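This report describes selected local features of one structure. The account covers charged pairs, a polar contact and a strand hairpin.

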Amino acid sequence: MTIGIGATGPRAGRAAFDALRAAERVGQGAIGGFVTFAVISQDGAVRTSVTQRGGTATLFTDGETTGVEPPGLFAEARCAAVISSGPDRPTPLEQFIPADAKVGLVTGHRIPPSTGSDGKPMNSGVLERLKAGMSPEKAVSEVIGATPEADCGLIALSTNGDVASANTARVKRRPDTGTAL
């Protein structure tokens, strides 16, 4: 299982973390391995935390202690995105959530950095469109529509709170996907 989570609003960072932790507790398959967690913190900076193994239990540590809660800069963020699946994914793990503090974050599931019709990672293509002033809905729709057979679902979050998500036609044909809004 690969899971993508996006949240905006008060304590979005905490909500995204808690949602992933809940999914780890009940999910089966490839979950509880790698995590990329990105937020746009209250001070206007992109902050990321990554882990290859252990999911939320190893995403934040305090010395030798694992399983600690996310620090305030993450928990209090108003724009947050997560992607997680099994362990040992290609590095850098930050490639799974392109971010720009001025416009937003892009996450997803399956393989968000799949190569799009323009030869670029699809998640990065969405972020480029956000930077150019396109809405998340239009940016996701355009990128997904241009490469319908990619193994990719995308979630775009803007700093103004707009959110959009979509799956490619290929992913829509899978019997094992789900969405919760």
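Glu-76 is partly exposed, with a relative accessible area of 35%; the classes are buried under 20%, exposed over 50% and partly exposed in between, computed with a 1.4 Å probe on protein chains only. The model is predicted, so local features need pLDDT of at least 70 and side-chain atom pairs count only at pLDDT 80 or more, whereas totals for chains, interfaces and linings use all residues. Residues are numbered from 1 along each chain as its sequence is written, and side-chain values use heavy atoms, with hydrogens and water left out.

The partner of Glu-76 is Arg-11, with which Glu-76 forms a salt bridge whose closest N and O atoms are 2.2 Å apart. A salt bridge here is a side-chain nitrogen of Lys or Arg within 4 Å of a carboxyl oxygen of Asp or Glu. Arg-11 lies in the loop between strand 1 (3-8) and helix 1 (12-26), and Glu-76 in the loop between helix 3 (72-75) and strand 4, so the pair ties together parts that are 65 residues apart in sequence. Helices (H or I, at least four residues) and strands (E, at least two) are DSSP runs numbered from the N terminus. Arg-11 is likewise partly exposed, at 38% relative accessibility.

The structure holds 14 salt bridges, including the three tabulated here.

| Pair | Closest N to O distance |
|---|---|
| Arg-11 and Glu-76 | 2.2 Å |
| Arg-129 and Glu-142 | 2.7 Å |
| Glu-128 and Lys-120 | 3.4 Å |

Arg-129 forms its salt bridge with Glu-142. Because Arg-129 lies in helix 4 (residues 122-131) and Glu-142 in helix 5 (residues 136-146), this pair ties together parts that are 13 residues apart in sequence. Glu-142 is partly exposed at 33% relative accessibility. Glu-128 is also partly exposed, at 37%, as is Lys-120, at 36%. In addition, a network of salt bridges links Arg-14, Asp-18, Arg-21 and Glu-69.

Ser-84 belongs to strand 4 (residues 79-84) and is buried, with a relative accessible area of 0%. A polar atom of the Ser-84 side chain lies 2.7 Å from the backbone oxygen of Phe-34.

Strand 7 (residues 152-158) and strand 8 (residues 163-167) pair in the antiparallel sense over five bridges; pairing requires that DSSP find at least two bridges between two strands. Opposite Ile-155 stands Ser-165 in strand 8. The hairpin of strand 7 and strand 8 has four residues between the strands, and Gly-161 there takes a positive phi near 100°.

Conventions
A polar contact is a pair of N or O atoms within 3.5 Å; within protein, one must be able to donate a hydrogen and the other to accept it, and residues adjacent in sequence count only if both atoms are side-chain atoms.
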